[in-house]
Amino acid sequence: MAFSGLGMAHLQGDTPPPACKLVYQDGKPAPDWLHMKGQVIYIDFWASWCPPCVKSFPFMNRLVQEFAGRGLWVVGVNLDEKLNDAEQFLANNSTDFTVLLDMDKHCAADFGVIAMPSTYIIDKKGYVRHIHHGFREGETQALRDVVEALLAESN
């Protein structure tokens, strides 16, 4: 399956995402990606200092509103050095999606995050199917189309 306009993951759909030790904002451990098999996972690495990240939040909220009932889990993984920076950002930017923290930045390193934001879309079988770096308004329809196509696939 090819998605026009955006590059496919170099993993070609046969490699699971790296295991990560992420936590919720309250410090409780988040589930591993393997526990989410059967859902499409939209993972977005972001930081408070990233201007395109601010623009991506309304889009991710729209994805949740449109597709959560169909099995989409949208996760924003924060990479700020100081938790207070993330908390202030979140106080000013509403989120309908799950926010997790990568306190030691190992998850971002294991995913190979090279730009902010960086998005990784995992299919229902638990494989990385799409990687996208940056965020521009003109790309939202193509990203939405990737999500919708993956949601339409069988497990």
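# A tour from the cysteines to the core

Number the bonded cysteines of this protein in sequence order, and the pairing reads 1-4, 2-3. Keep in mind as you click around that this is a predicted model.

**Stop 1: the disulfides**

Start by selecting the cysteines. A disulfide is a covalent bond between the sulfur atoms of two cysteines. How many disulfides does the count come to? There are 2 disulfides here.

Pick C20 and C107 and show their side chains. These two form a disulfide, with sulfur atoms 2.1 Å apart. Now color the chain by position and look at what the bond ties together. C20 sits in the segment before β1 (23–24), while C107 belongs to helix α3 (residues 106–111). That makes this a link between distant parts of the chain, 87 residues apart. If you check the twist about the S-S bond, you should find 70 degrees, and the link of C20 and C107 is right-handed. Buried or exposed, what are C20 and C107? Both C20 and C107 are buried.

Next, select C50 and C53. They form the other pair to visit, with their sulfur atoms 2.3 Å apart. The torsion about the S-S bond of C50 and C53 is about 85 degrees, so this disulfide is right-handed. C50 is buried, and C53 is buried too.

**Stop 2: the whole fold**

Zoom out and switch to the cartoon view. You can find 4 helices and 6 strands. Trace the chain from the N terminus, and the elements come in the order β-β-α-β-α-β-α-β-β-α.

Turn the C-alpha trace around: along its principal axes, the protein spans about 40 × 30 × 30 Å. A compact globule with 155 residues would have a radius of gyration near 15 Å, and this protein agrees with that, since its value is 14 Å. Buried residues make up 50% of the 155 residues. Take the contacts with a separation of 6 or more: residues 24 or more positions apart account for 74% of them.

Turn on the surface for a moment. The accessible surface comes to about 7,600 Å², and 52% of that belongs to carbon and sulfur atoms.

**Stop 3: the nonpolar core**

Hide the surface again and look inside. In soluble globular proteins, nonpolar side chains tend to be buried together. Here, the largest nonpolar core has 47 residues. Which residues have the most contacts inside it? Select W33, Y42, I43, F45 and L72 to see them. Then highlight helix α1 (residues 51–67), which gives this core its largest share, 7 residues.

Center the view on Y42. Leaving aside neighbours within four places in sequence, Y42 is in contact with a long list of residues, including F59, M60, L63, L72, V74, Y120, I121 and V147.

**Stop 4: V74 and N61**

From Y42, hop over to V74, in strand β3 (residues 72–78). V74 has a relative accessible area of 2%, so this residue is buried. Again skipping neighbours within four places in sequence, V74 is in contact with Y42, M60, L63, V64, F97 and T98.

Now select N61, which has its place in helix α1. Measure from C-alpha to C-alpha: V74 and N61 are 8.5 Å apart in space and 13 residues apart in sequence. N61 counts as buried because its relative accessibility is 7%. What is N61 in contact with, leaving aside its neighbours within four places in sequence? Show S94, T95, D96 and F97. If F97 looks familiar, that's because V74 is in contact with F97 as well.

**Stop 5: the aromatic rings**

For the last stop, select the aromatic side chains. A pair of aromatic rings is described by the distance of the centres and the angle of the planes. This protein has 11 aromatic pairs. One of them is W46 with F89: the ring centres are 4.9 Å apart and the planes are at 35 degrees, so the pair is tilted. This pair also links distant parts of the chain, with W46 in strand β2 (residues 40–46), F89 in helix α2 (residues 83–92), and their positions 43 residues apart. W46 counts as buried at 0% relative accessibility, and F89 does so at 7%.

Finish by selecting W33, F45, W73, F111 and Y120 together. Ring pairs link these five into a cluster. You have already met W33 and F45, among the residues with the most contacts inside the largest nonpolar core.

How values were computed: Residues numbered from 1 in each chain as written. Predicted model: local features only at pLDDT ≥ 70, side-chain atom pairs only at ≥ 80, totals over all residues. Heavy atoms only, no water. Disulfide = S-S within 2.5 Å. Helix = DSSP H or I, 4+ residues; strand = E, 2+ residues; numbered from the N terminus. Buried < 20%, exposed > 50% of the residue type's maximum accessible area, 1.4 Å probe, protein only. Core = buried A, V, L, I, M, F, W, Y, C linked by side-chain atoms within 4.5 Å. Contact = heavy atoms within 4.5 Å. Rg over C-alpha atoms; globule rule 2.2 N^0.38 Å. Areas by Shrake-Rupley, 256 points an atom, 1.4 Å probe, with all protein chains shown as cover. Phe/Tyr/Trp six-rings, centres within 6.5 Å; stacked < 30°, edge-to-face > 60°.
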